[in-house]
Structures are given as C-alpha cells and as structure tokens.
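Q: Got a minute to go through this model with me? I'd like to poke at a few spots before I head back to the bench.

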Amino acid sequence: MESLSARVGPGLGIRTGNVDSDRWRPRRCRAVSFVVASSSSSSSSEREEPSERSNSFLSRIQTYALLKQQLAVAAKFEDYKEAARIRDSLKSFEDEEPVLRLRRLMKQAIKEERFEDAACHRDELRLVAPQSLLNCSSDATTLGIRVQVRSVYIADRSQPSRGKYLFVYRIRITNNSDRPAQVLRRHWIVTDANGKSENIWGVGVIGEQPVIRPGTSFEYSSMCPLTTPNGRMEGDFEMKHIDRVGSPTFNVAIAPLCLAILGDDDDIM
C-alpha cells in the first residue's frame, strides 16, 4: 500500500400479519463441517481443524480471484463466449462457496428476524472465515470529525497467480464540528490474511494537507496492494484546529475495515 496514497495517488472513485409460531421457536446451533475436495484417499467426512479451514478458504478465494481476473480479460478482448463460460463458473462457485452461503443465510435470517438462526450462522462463519465478518466499509467519528471508508477489489488490475491483489479505497472526511481542521499526517496499519502487519506513515493525503471547514467534506481515493486475497486496514489521521494559534494536534480514528475479494453488500458512502 503506499505510502498508501502518495505512491499511487487518487484516480479511482467509488460512488457508490399472522405470526408463524415456528418462526420464533428457539433453535439449537448445529456444528457444520466443511469439506474441501481432495485427490487424497482420506475420508471426505473428516472434519477440518481451524487452521485447515483457514487455509482451504484462502485457496478457494484464490481460485475465485483467478476466475474474476479471467472474466475481466475475456470481456476486455471481447471473447464473449469465454466470458459467458467463466461467468457460469463464477455463479457455480458463488452458489457452492460455504462462506457466501453462510453470509446469505445470516442476512436472510436477520431480515426475517430469526435472530437465533442468524447467531448460529455468524458463529459458523467465525469458525470458517472470521475475517468475512468484518465489513468492507467503516465509519467512525472523533471530536466531530467523521471518517468513512469503503474498499473494493479491482480484478482487472490484480494478478492472483503471482500473489498480487489490488484494492481501491475511497475516504470521505467530514467536519461536523464548529471549528476548521487541517489534516497533517496519516497512519495506516495494513494486515494481510497471514497476520503480517505493516505500519505506514505519511504527510497529509494524496500530496495535500487539506483544511476542512465546518459542515464540509474532503474525499479522495487511493489503492492498497496485498499479497493475499483478503486482509484488513485501519489507522488514524493527525489533525489540528487552525482557528486558534497554538492549538494542539489530535488523532482521528479510521475504524477497521476488510479488504476482501468477496466484498460485502453494505455501503456507507
């Protein structure tokens, strides 16, 4: 990731009644084991250990990333027959992928107010892919300064076969206080799927130290490369009120958000 912004700079924007008594009956969670196809002679009924689940999830997501990249290439070169074949493969993958299936079930349960079922699906997701529970967007306010972030995977700029995954993120900083404030520095913590973290510091954002007056916002886009198909990022901005001489600096939180090929359906921007 950069010097997250300065190296890549901005450029990509992301604009983003009868009651059935059975429905309310408490339900007991059932443990679900996920089996990954293998050419080995081991029994398919064997239950995966947590580390194996995580590794198999990453392997499946890498396959998914390759399919999305191939689809983008086929469409770019107008090979629509191949694009249709890959599209169908992606659809089959999305229908069968346990993480996507559990997320669909959890959202449906929440929509129907079957909260016991939703809790079960959430707990299963924690076992299979805990990172999938983190949204690809975040929203936090510190001292009246609101920071909203949204990330999106860029398939046609990624190279999964080489372990290169590119994400674009868009940030909106809104000053809901009654004092003008200036962004002085940024700090990011980027963590990949293997738990490797990198701290990144830089002056301002995209080569600027913008002054944000009360009731206004500043937005910019930048990119973050990863060597794994998912990860997370969080951080803070160092800011200062400029209406009084000698005002101390203060840190504004950037809440954690997910960098993920699978993405999510939520949008705050």
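Q: Which residue in S2 stands opposite Ala 140?
A: That's Val 147. Keep in mind that this is a predicted model.

Q: How do S1 and S2 run, and how many bridges join them?
A: They run antiparallel, with six bridges between S1 (residues 137-142) and S2 (residues 145-153).

Q: And what's between the two strands?
A: Two residues, so to speak the turn of a hairpin. Leu 143 sits in that turn and has a positive phi of about 50 degrees.

Q: OK, new topic. What's the mean pLDDT of the protein?
A: It's 80, with 77% of the residues at 70 or more. Going by element, helix H1 (residues 50-76) has the lowest confidence, with a mean of 77, and strand S6 (residues 211-212) has the highest, at 98.

Q: Where is the pLDDT below 50?
A: Residues 2-27 are one such stretch; the model still gives that stretch 54 contacts beyond near neighbours in sequence. Residues 31-46 also stay under 50, and there the model has 14 contacts beyond four places in sequence. Where pLDDT is low, the predicted coordinates should not be read in detail.

Q: Fair enough. How many disulfides are there?
A: The count is zero. Take Cys 258: the nearest cysteine sulfur belongs to Cys 136 and is 4.5 Å away, while the cut-off for a disulfide is 2.5 Å.

Q: Is Cys 258 buried or exposed?
A: Buried, at 2% relative accessibility. Cys 224 is buried as well, at 0%.

Q: What about the largest nonpolar core, which residues touch the most other members?
A: Ile 171, Trp 188, Tyr 220, Phe 237 and Met 239, out of 51 residues in that core. H1 gives the most to this core, with six residues.

Q: How many aromatic pairs does the structure hold?
A: Four. One of them is Tyr 64 with Phe 93, a stacked pair at 4.9 Å centre to centre with 20 degrees between the planes.

Q: What does the pair of Tyr 64 and Phe 93 tie together?
A: Tyr 64 is in helix H1 and Phe 93 is in helix H2 (residues 80-96), so the pair links parts that are 29 residues apart in sequence. Tyr 64 is buried at 5% relative accessible area, and Phe 93 counts as buried at 14%.

Q: And why is the pair of Phe 218 and Tyr 220 called tilted?
A: Because their planes are at 40 degrees, and tilted covers what is neither under 30 nor over 60. The ring centres are 6.2 Å apart, and both residues are buried.

Technical notes. Residues are numbered from 1 along each chain as its sequence is written. This is a predicted model: local features need pLDDT of at least 70, side-chain atom pairs count only at pLDDT 80 or more; totals for chains, interfaces and linings use all residues. Side-chain values use heavy atoms; hydrogens and water are left out. Two strands pair if DSSP finds at least two bridges between them. Helices (H or I, at least four residues) and strands (E, at least two) are DSSP runs, numbered from the N terminus. pLDDT is the predictor's confidence in each residue, from 0 to 100. Contact means heavy atoms within 4.5 Å. Buried means under 20% relative accessible area, exposed over 50%, partly exposed in between (1.4 Å probe, protein chains only). A nonpolar core is a set of buried Ala, Val, Leu, Ile, Met, Phe, Trp, Tyr and Cys residues joined through side-chain atoms within 4.5 Å. Rings of Phe, Tyr and Trp (its six-membered ring) pair if their centres lie within 6.5 Å; planes under 30 degrees apart count as stacked, over 60 as edge-to-face and the rest as tilted.
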